[in-house]
Amino acid sequence: MNVLVVYGSQFGNTERIARTIGAALESRHDVQVVGARDARALAGDVDLLIVGAPTQMFGRRLIVRSFLDGLRRQGIGNLPAAAFDTRMGTPTEKNAAASETIASRLEAAGCRLVAAPESFLVAGFTGPLVDGEADRAARWAVSLAERVAAGAGDRPDRAPGVERV
Ligand SMILES: Cc1cc2nc3c(=O)[nH]c(=O)nc-3n(C[C@H](O)[C@H](O)[C@H](O)COP(=O)(O)O)c2cc1C
């Protein structure tokens, strides 16, 4: 399966999660891990799209926004996808997680979410990741790929892949 992981990261923690996800999947899948700025357009084949960003300003600042806007303009129809973020604390009604915003924008672009939005915790404003979170991300990624593989009949007619710009 072709997996594309797109991330935004200010201090490196979300990038670390994205690269951990890539490493967890690469023995069984073709994986690309790409910064959102380098993934502005999509073309080719992707079977699973995973997008992550840090939660900033209660979910209102989203540093992968232009990538997601591009997906929506492109209209990518039924691509299996999942969203994650890194953040300092548990999401509340007022303190939304970036992964929730990403997930709704993925859906708006036509993606089919294969899991609930997931948050991975950092210990302070600039990190580091809380112990065990990278391992949890690896397990989460494997479970996503298994879910998509199990629902292979639901694959989109034509799913996109990354085109570097
Ligand atoms: C401008 C700014 C706003 C932030 N706002 C929040 C917030 O509302 N809630 C939260 O849990 N963490 C907040 N954080 C902490 C980030 O979630 C944390 O910096 C991020 O997880 C680190 O990921 P990164 O290393 O990939 O940038 C904020 C960080 C920055 C820089």
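**Exercise 1. Place M57 and F58 in the fold and describe their backbone and accessibility.**

Solution. M57 lies in the loop that connects β4 (48–54) with α2 (65–74). The structure is a predicted model, and local features are read from it only at pLDDT of at least 70.

Step 1. Take the backbone of M57: phi is positive, about 50°, and the residue is not a glycine.

Step 2. Turn to F58, which is found in the loop between β4 and α2. Phi of F58 is near 55°, again a positive value in a residue other than glycine.

Step 3. Set these values against the general rule. Most residues other than glycine have a negative phi.

Step 4. Assign the accessibility classes. M57 has a relative accessible area of 54% and is therefore exposed, since exposed means over 50%. F58 has a relative accessible area of 46%, so F58 is partly exposed.

**Exercise 2. Describe the surroundings of the ligand, from the pocket down to single atoms.**

Solution.

Step 1. Locate the ligand: the largest pocket holds it. Two elements, α1 (13–25) and β5 (80–87), give two or more residues to the shell around the ligand.

Step 2. List the neighbours. The ligand has 18 residues around it, and those that come nearest are S9, N13, T14, F58 and F125. F58 thus appears both here and in the loop between β4 and α2.

Step 3. Sort the shell by class. It has 10 polar residues, 7 nonpolar residues and 1 charged residue.

Step 4. Read off the polar contacts. With T86, the partner is an N or O atom of the side chain, 2.7 Å from an oxygen atom of the ligand. With G12, a polar backbone atom is 3.0 Å from a ligand oxygen atom. With M88, the distance from a ligand oxygen atom to a polar backbone atom is 3.0 Å. The ligand on its own has 640 Å² of accessible area, of which the protein covers 91%.

**Exercise 3. Which residues does the cis peptide bond join, and where is P128?**

Solution.

Step 1. Inspect omega: the bond between G127 and P128 has a value of about 0°, and the bond is cis.

Step 2. Compare with the general rule. Most peptide bonds are trans.

Step 3. Place the proline. P128 belongs to the loop between β7 (118–121) and α4.

**Exercise 4. Are G52 and A141 buried or exposed, and how far from them in space are V6 and A82?**

Solution.

Step 1. Start with G52, a residue of strand β4. Its relative accessibility is 0%, so G52 counts as buried.

Step 2. Measure from G52 to V6. The two are 46 residues apart along the chain, and their C-alpha atoms are separated by 6.5 Å.

Step 3. Go on to A141, which is part of helix α4 (residues 133–150). A141 has 0% relative accessibility and therefore counts as buried.

Step 4. Take the C-alpha distance from A141 to A82: 9.4 Å in space, for a separation of 59 residues in sequence.

**Exercise 5. How many helices and strands does the protein chain have, and in what order do the elements run?**

Solution.

Step 1. Count the elements: the protein chain has 8 strands and 4 helices.

Step 2. Write the order from the N terminus: β-α-β-β-β-α-β-α-β-β-α-β.

Step 3. Add the burial of the chain as a whole. The protein chain has 165 residues, and 50% of them count as buried.

Note on methods:
Residues are numbered from 1 along each chain as its sequence is written. This is a predicted model: local features need pLDDT of at least 70, side-chain atom pairs count only at pLDDT 80 or more; totals for chains, interfaces and linings use all residues. Side-chain values use heavy atoms; hydrogens and water are left out. A residue is near a molecule or strand if one of its heavy atoms lies within 4 Å of it. A polar contact is a pair of N or O atoms within 3.5 Å; within protein, one must be able to donate a hydrogen and the other to accept it, and residues adjacent in sequence count only if both atoms are side-chain atoms. Accessible areas come from the Shrake-Rupley method with a 1.4 Å probe; for residues, only the protein chains shown count as cover. On a 1 Å grid over the protein atoms alone, a cavity is a set of points where a 1.4 Å probe fits but cannot get out, and a pocket is an open set with protein on both sides within 12 Å along at least five of seven lines; lining residues have an atom within 4 Å of a point. A molecule sits in a cavity or pocket if more than half of its atoms lie within 2 Å of its grid points. Ala, Val, Leu, Ile, Met, Phe, Trp, Tyr, Cys and Pro count as nonpolar, Asp, Glu, Lys and Arg as charged, and the others, Gly among them, as polar. Buried means under 20% relative accessible area, exposed over 50%, partly exposed in between (1.4 Å probe, protein chains only).
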